[in-house]
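This briefing takes up two topics, the packing of a pair of helices and the contact of a pair of domains. Please look over the sequence and the structure before reading on.

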Amino acid sequence: MAGADTDFDAIVVGAGAVGLACGRALALRGLIVAVLEAEDAIGHGVSSRNSEVAHGGLYYPTGSLRARFCVTGRRMLYPFLDAHGVTYDKCGKLVVATEEAEVPRLEGILNQARINDVEGMRWLSAAEVHALEPDLRAVAALISPESGIFDSHGYMVALRGEIEARDGAVVTGTPVLGVTPLEGGGFTVSAGGRDPTTVTTRLLVTAPGLSAQDVAARIEGFPADLIPRAHYGKGSYFALNGRAPFKRLVYPPPIPGALGVHYRRDLGGQARFGPDLEYIEAPDYRVDPSRADGFYRYIRRFWPGLPDGALVPDYAGVRPKIHGPGEAQPDFRLDGQPAHGLPGLVALFGIESPGLTSSLAIGEAVAELLDA
């Protein structure tokens with residue numbers, strides 16, 4: 001039962017992986033939680049259009065939230081998946097240098113992975129790479145044995161189940177229209193949808209992905225100058241018409257602002273490549289078939305045997321970026337009272353990759369901020 005003064009102890013806006021993980025972390029602390037989702041089902045936003053990769057935590061800057069949450073979140077993730085019977089494959093990842101000029105970049109990634117305390121990282125020679133993946137072209141590679149793929153929808157269903165098992169609610173088709181702080185603490189939340197309603201809560205978390213800026217602007221008293229500009233980073237994927245060539249994930253060195261086009265074999269055995277990075281003005285999930293030309297050139301650097309005509313347009317995702325083209329990639333933002341001055345509120349911005357892997361750790365961090 002929530003506190004006598006509010007309908008809920010905590011409301012979370014957004015039922016993607018991060019919002020649900022925040023709801024779970026709060027529910028585990030004995031709070032009565034409601035997660036409000038604008039779409040008609042959970043995980044239909046950013047969380048539904050990604051690579052479903054459990055990242056090792058190799059690349060992220062020393063001391064950053066990305067580095068800390070990715071490594072901690074991944075260590076939490078596999079036991080959670082085991083406990084809930086969610087399918088995954090800890091297949092490992094190869095980060096490859098396809099020419100000698102890329103070898104120093106691999107050395108830098110290996111050094112950063114060790115600083116980030118990523119387990120099991122190892123350098124592979126060209127011969128060792130060939131022994132593991134005979135069709136892969138590389139002069140050297142790193143292997144990250146803790147990386148893998150998992151059923152992200154099954155994961156989110158399990159998160160929802162934990163919230164509901166603790167008397168919480170996950171309510172879909174319920175966009176947040178406005179938020180007003182209450183005298184003495186807490187918030188009134190007005191929500192629309194099929195059954196418009198107004199509810200009160202002691203604590204509030206906003207984690208709606210692409211809508212983070214819009215939701216923050218609907219919170220009375222939230223400083224407008226603290227709301228970062230939204231940038232939409234579209235990533236297209238192409239599927240392979242044919243047998244999957246590799247067992248492990250294959251990544252070239254990262255590109256500015258993203259990890260770049262990589263290979264994965266999904267849990268059903270389908271080979272996919274992507275995502276690339278294209279800045280767009282508004283979310284758009286169409287895959288332009290002409291982008292395949294760039295994919296063929298890029299993929300053939302590490303898989304020269306890619307046949308002509310084998311790539312089929314698959315799907316696209318949009319990342320909720322808070323930096324534009326040519327700008328340095330900022331860290332995740334978890335803005336609590338010290339940032340915006342509103343007690344009981346944590347607003348999340350820029351939670352893109354590795355947000356899915358990091359989600360359980362982000363949930364714990366948000367709960368700790370609200371505990372404080």
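A crossing of helices is called left-handed if the near helix is turned anticlockwise from the far one by less than a right angle, and right-handed if the turn is clockwise. The model discussed here is predicted, and the points below concern first the packing of H1 with H9 and then the contact of domain 1 with domain 2.

**Helix packing**

- Helix H1, which spans residues 17–28, packs against helix H9, residues 355–371, at an angle of about 40°, and their axes lie 8 Å apart.
- Because of this angle, H1 is oblique to H9.
- In its handedness, the crossing of H1 and H9 is right-handed.
- On the H1 side the contact includes Ala 17, Val 18, Ala 21 and Cys 22, while Gly 355, Leu 356, Ser 359 and Leu 360 are among the residues of H9 that they and the others of H1 meet.
- By class, the residues of the contact of H1 with H9 comprise 12 nonpolar, 3 polar and 2 charged.

**Domain arrangement**

- The protein is divided into domain 1, made up of 8–49 + 153–229 + 330–371, and domain 2, made up of 93–145 + 231–321.
- The centres of domain 1 and domain 2, taken over C-alpha atoms, are separated by 32 Å, and the contact draws 9 residues from domain 1 and 12 residues from domain 2.
- Between them, domain 1 and domain 2 bury about 1,000 Å², of which 57% is on carbon and sulfur atoms.
- Within domain 1, the residues that lose the most area to domain 2 are Arg 49, Leu 210 and Glu 352, which together account for 64% of what that side buries.

Methods
Residues numbered from 1 in each chain as written. Predicted model: local features only at pLDDT ≥ 70, side-chain atom pairs only at ≥ 80, totals over all residues. Heavy atoms only, no water. Axes fitted to C-alpha atoms, helices over the stretch in contact; angles between N-to-C directions. Helix = DSSP H or I, 4+ residues; strand = E, 2+ residues; numbered from the N terminus. Parallel < 35°, antiparallel > 145°, perpendicular 65-115°, else oblique. Contact = heavy atoms within 4.5 Å. Nonpolar A, V, L, I, M, F, W, Y, C, P; charged D, E, K, R; others polar. Domains from an automatic or database assignment. Buried area = accessible area lost by both parts, 1.4 Å probe.
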